[in-house]
Structures are given as C-alpha cells and as structure tokens.
Amino acid sequence: MKLKNILLYLLPIAGLCSSCNDEWENEQFTHYISFKAPINSDGVSRINVRYRSGNEKTTFQLPIIVSGSTTNERNITVHVGLDTDTLEVLNQERFNNRTDLYYQVLPKKFYSHSETVQINAGQDVALMPIDFSMEGIDLSDKWVLPLTIEESPDGNYTPNYRKHYRKALLRVMPFNDYSGNYSAVNYKTYLNGSETDAPYVKNYVMMYVVDDETLFFYAGLFDETRQDRKGYRIKAKFNNNGMVTLSPADPNNKMQFALGKDDFNNEITASYSITESMDAIRPYLMHRTIIINNINYTFKDYTTIPGVETEFHVMGSLTLERQINTQIPDEDQAIEWEEGN
C-alpha cells in the first residue's frame, strides 16, 4: 500500500481520538441535585438519632449532591420542602388498608431545618443540618420525615428526577444507651399456670426509647405488627443501682400487668448488667453487651378473642450487643447498626 493511502486511512482515526479526548474534558452528565439517602428493604432511609431530653438537640447532617463528571462551578441555592404525597403512595403500596402500620409524618415540633441549602462553587456535596428534639415522642407509631428537592424558583438548578434521588424518606429512630433489638432466646412466654409446658419463644424483642433511662417493649408475643399493640406496652426504667423497674405504659393497665412473685410472695425485680470488651481481630472495635435478667411478669390478652381474657406468664432474660468503632467520633456513625437495631 502506498504511503499516501496509509495517511488517508490514519487521518480519520486521529480525528476520532482527538474527539474522544475533547469529550472527556467536557461534562458527561447534567449537574442534577440529589439527596444521599438510600432506602432500605422497608422503602425508607433509617437514621439513628441520639435521644436528648429537655431543649437539647441532636443534629443530623443530610448530604445533598451535585451529580456529574466535572466539578460544580456555580453557587447553587437548593430549596428543600416537605413531601407528604410520596409517603402516602409508599404507605398504600406497602400496607394497603392496614392504616395502623402506615408511616406517619414526623410532627414539626420534633425537628427543624433551613428551607434552603447553599452549595458553593468548587463543591459537589453540601450538608443539610436537621436538628431533632425527640422528647415526648411515641415510638409505637413509625415516624418519617419526608423531604424533597423542590424546583428552582430561578432555574439555577435541576432536581434529579430518577427514582429515590430527589426524595429523602428519613425513618427517624431515637436511641439511648439501652435501646435496640434484644436477643430473646431466653425470654419465654407461658400460659399462666402451665409453666411446665413448652413455652412460646421469640427471636428478638425490640426496645424503644421513652427517655434517657427508660424504654418500652411489647408484652409477651406482641410486637409492632399488631393493631392492638398500644395497649400492651411495658416500660423498663434502668436505675443507677443496676435494677430495672417494669411497669405498664398505659395508666389504665387494661392488660392487668403485674410483676411475678417469688416463693415468699415478694415481687421479682429485674436487673441489668453491662460489659465491654475489645474485639480480638479488630482492636478498634468495642463489644458492649447489655443483659436484662430476672424478667418475670404476668399480663392478660384482652383483645385477641373478643370477650375472652387469656393470662400469660413471661420469664427469662434479654441480651443486646452493640459493636462500636472507637475510631469514629460521631456516635451514630460509630455504632455498627443492624436492621431493626
């Protein structure tokens, strides 16, 4: 092949290569605005917020991202608003007519945030601070803060319209030193008077925050999936002397909760212990174990069968283990959270 013909073939290839290089120097994707709030298997983004009493607040930093292959070169004022419509659709699709299981919009008194977030030129991520004050919240309902990136009033930015990018459905879960999903392999429920028979056993018992030192959980085999769950809440107050005070959350005590008695007819009081140890393989990881011992109480199921009360006797212990990365200063990030914990 003559040299002239070879050059004719090479010229288009060289032009193509030059074109490719120019493309990579330009923006490949639109600079859409998104939340970083990936959803879990429940269709929401769970965030764990340290419970604080009184006027104390806990601040959660929600990331807002500018997508693209090049750095953002503009100052952008992003507008954020409440999005109850998306939450309504989620509830209907997941729970149908079980309205008692619906996610509820977190009341305004429990949080505050600015309606706008500034992303400066040269930045691709900004943090939106949300202040939470959870005193008095009832966790027998499931609370969600549903946020959306609103349209730009001056056309300065475009929200990312892809699914789950423009929305942040924040499932807010307050925690304290004792809350979480306790292993219940040694927590046994009997028909009262039939303690020699095989017990009913659950895998886990979820303990929800009431205040700094108090949790609540559901009696016996009840859990958050029951429509009548609110009448079966038991409060557990962790005292400084290592004892746990159990009492009914409902002052009317329709379930007739009562502490069990020992052979001398004295009420049996629960206790707790906390141990901490460092991981043998990952020395920065702390294992913090809480065990609630001597749980012993009776209650009556007054709703399952209309007009019939069935009494149960619950005995045993519950165990919670938290794994804490001591290298991470932010407490909510340092705890290695598991689903439901």
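Helix α2 spans residues 84-95 in this predicted model. Its 12 residues stretch 16 Å from the first C-alpha to the last, close to the 16 Å expected at 1.5 Å a residue. Four residues of α2 turn out to be buried: Leu87, Leu90, Asn91 and Phe95. Looking down the axis of α2, these buried residues fall within an arc of 100 degrees, so they line one face of the helix. That fits a simple rule: an α-helix has 3.6 residues a turn, so residues three or four places apart point the same way. As for partners, the buried residues of α2 pack against the strands β5 (103-105), β9 (142-149) and β11 (167-175). Flip to the face turned away from the buried side, and the exposed residues Asp85 and Glu93 show up.

Right after α2 comes Asn96, which sits in the loop between α2 and β5. Its backbone is a bit of a curiosity: Asn96 has a positive phi of about 50 degrees although it is not a glycine. Asn265 also has a positive phi without being a glycine, in this case near 65 degrees. Asn265 belongs to the loop between β19 (258-259) and β20 (270-278), and it is exposed, with a relative accessible area of 55%.

Elsewhere, the surface carries a nonpolar patch formed by Leu191, Tyr200 and Leu221, which together have about 250 Å² of accessible area. Of these residues, Tyr200 is found in strand β14 (residues 200-201). Tyr200 is partly exposed, with a relative accessible area of 40%, so it passes the patch cut-off of over 30%.

Terms used: Residues are numbered from 1 along each chain as its sequence is written. This is a predicted model: local features need pLDDT of at least 70, side-chain atom pairs count only at pLDDT 80 or more; totals for chains, interfaces and linings use all residues. Side-chain values use heavy atoms; hydrogens and water are left out. Patches are made of residues with over 30% relative accessible area and no salt bridge: like charges are joined within 9 Å, nonpolar side chains (Val, Leu, Ile, Met, Phe, Trp, Tyr) within 5 Å. Accessible areas come from the Shrake-Rupley method with a 1.4 Å probe; for residues, only the protein chains shown count as cover. A salt bridge is a side-chain nitrogen of Lys or Arg within 4 Å of a carboxyl oxygen of Asp or Glu. Helices (H or I, at least four residues) and strands (E, at least two) are DSSP runs, numbered from the N terminus. Buried means under 20% relative accessible area, exposed over 50%, partly exposed in between (1.4 Å probe, protein chains only). The expected span of a helix is 1.5 Å times one less than its number of residues. The arc is that of the directions from the helix axis to the C-beta atoms. Contact means heavy atoms within 4.5 Å.
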